[in-house]
Amino acid sequence: MLDWPLYLGLLTALAIGFLLGRSKLGDSESTSSSELDQNYFTGLNYLLNEQPDKAVDAFVQALEVNSDTLETHLALGNLLRRRGEVDKAVRIHQNLLARPGLSLEQVHRAQYELALDYVKSGLFDRAEELLKLLVKKEGPYKIDGLKQLLEIYQDEKEWLLGLDVLKKLSGTRFSRHYEKWSPIKAHFFCELAESCLSEGDFAGASEYLQKALVSDRNSVRALILQGQIDIYTGSAAKGLQRLQKVAGAYEDYTAEVLPHILNVYRKQSGLGDCIQYLMSLNKRVHNPDVFVAIADLIAKDRGSLAAAEFVTAEAARSPTVVGLQRLLDYYISFSEGKAYEYLSSLKKVMDNMVVAQSNYQCSSCGFNARSLHWLCPSCKTWGSFKFKKAVFIGEG
Ligand SMILES: [Zn+2]
């Protein structure tokens with residue numbers, strides 16, 4: 001089947017090459033115009049016979065590389081890469097680099113484009129090699145090259161190498177780029193801390209988390225991880241303090257830290273203290289998990305009727321699907337016969353609604369997910385996930 005955009009791109013490139021070649025020949029007939037015609041028509045013939053591979057070769061032969069035609073080569077290479085024809089894009093960019101007479105800036109540009117081809121085809125080693133050469137030189141592709149290297153190291157989970165690149169991108173503390181890259185640096189340190197944690201190395205993890213907080217003193221992720229380490233290693237009061245700070249000040253992450261906070265209260269304090277803390281938190285943050293936790297504790301402390309009264313009052317203040325779901329649980333526990341049957345059916349519908357809901361959304365690309373991702377799987381933005389307020393009825 002004909003791939004029309006690609007065919008038109010190749011055809012346009014051939015036509016431009018043909019016209020430029022002809023105009024360049026001009027008065028001088030030192031190069032044979034019939035040779036140019038022949039290459040052009042050979043390329044056209046391949047296109048018409050649906051042989052784009054050979055058409056690309058004909059194009060490369062027909063179109064001399066010089067400052068007039070460089071843009072055409074690059075545009076075609078770009079088009080081929082975007083359409084997934086990476087092998088052909090590589091051929092075009094390698095052909096460019098093999099030709100003498102390009103300026104240094106043109107060589108850098110072709111190298112950068114070739115590196116993008118390698119990234120697209122998953123040949124990260126080759127891309128890395130090329131980009132490392134490119135970023136050593138001052139020029140317009142230094143920053144773009146560093147950004148590409150960063151993406152490679154991020155995909156490969158090479159966090160230390162990524163931190164070296166981030167250091168170059170962000171410059172010194174007084175550089176204007178410093179603020180932009182600091183939160184990402186903190187995420188890289190947190191990734192390293194998580195690797196240490198997976199091997200049981202709490203001290204190593206804490207060292208990396210300290211560095212994360214130096215890069216970004218508001219790194220919620222570092223606070224959460226350090227709080228969990230504190231609790232696990234016997235400094236529960238310190239850990240609780242950190243996690244409570246997150247729960248109260250960073251509403252998007254309240255649901256993440258709440259289970260850990262409840263665990264500490266469960267082990268160290270009475271139900272009363274825990275309910276008192278959650279009641280005060282519930283006034284500050286807008287998260288259904290908080291009042292559901294309160295309802296559960298009230299049910300444990302004073303029974304289902306008291307819990308139902310609390311949830312009813314809360315549902316009037318801020319109605320949520322989760323709140324209504326919990327209210328139905330209590331009503332079911334009080335009912336019998338037909339009422340029990342009807343309420344149970346209604347509860348099943350509500351449960352399905354809650355399961356179908358996503359709790360988080362990327363503020364950068366709108367990607368929805370049930371659980372929190374620190375790096376958006378769709379647009380690769382760090383720390384962009386926000387808790388979805390849409391779980392509250394009427395807030396869409
Ligand atoms: Zn995203």
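Which helix has the lowest mean pLDDT among the elements of the chain, and which has the highest? Helix α2 (residues 33-48) sits at the bottom with 61, while helix α11 (residues 202-215) tops the list at 97. Here pLDDT is the predictor's confidence in each residue, from 0 to 100, and helices are DSSP runs (H or I) of at least four residues, strands (E) of at least two, numbered from the N terminus. Across the chain the mean pLDDT is 84.

A word on ground rules: this is a predicted model, where local features need pLDDT of at least 70 and side-chain atom pairs count only at 80 or more, though totals for chains, interfaces and linings use all residues. Residues are numbered from 1 along each chain as its sequence is written, and side-chain values use heavy atoms, without hydrogens and water.

Now find the zinc ion. Its protein donors (N, O and S atoms within 2.8 Å of the metal; 3.2 Å for Na, K and Ca; water is not among the atoms, so sites may look incomplete) are the SG atoms of Cys362, Cys365, Cys376 and Cys379, lying 2.3 Å from it. Cysteine 362 in strand β1 and cysteine 376 in the loop between β2 and β3 are 14 residues apart. Both are buried, meaning under 20% relative accessible area (exposed is over 50%, partly exposed in between; 1.4 Å probe, protein chains only).

Next, look at phenylalanine 367 and phenylalanine 385. Phenylalanine 367 is partly exposed, with a relative accessible area of 30%, but phenylalanine 385 is buried at 1%.
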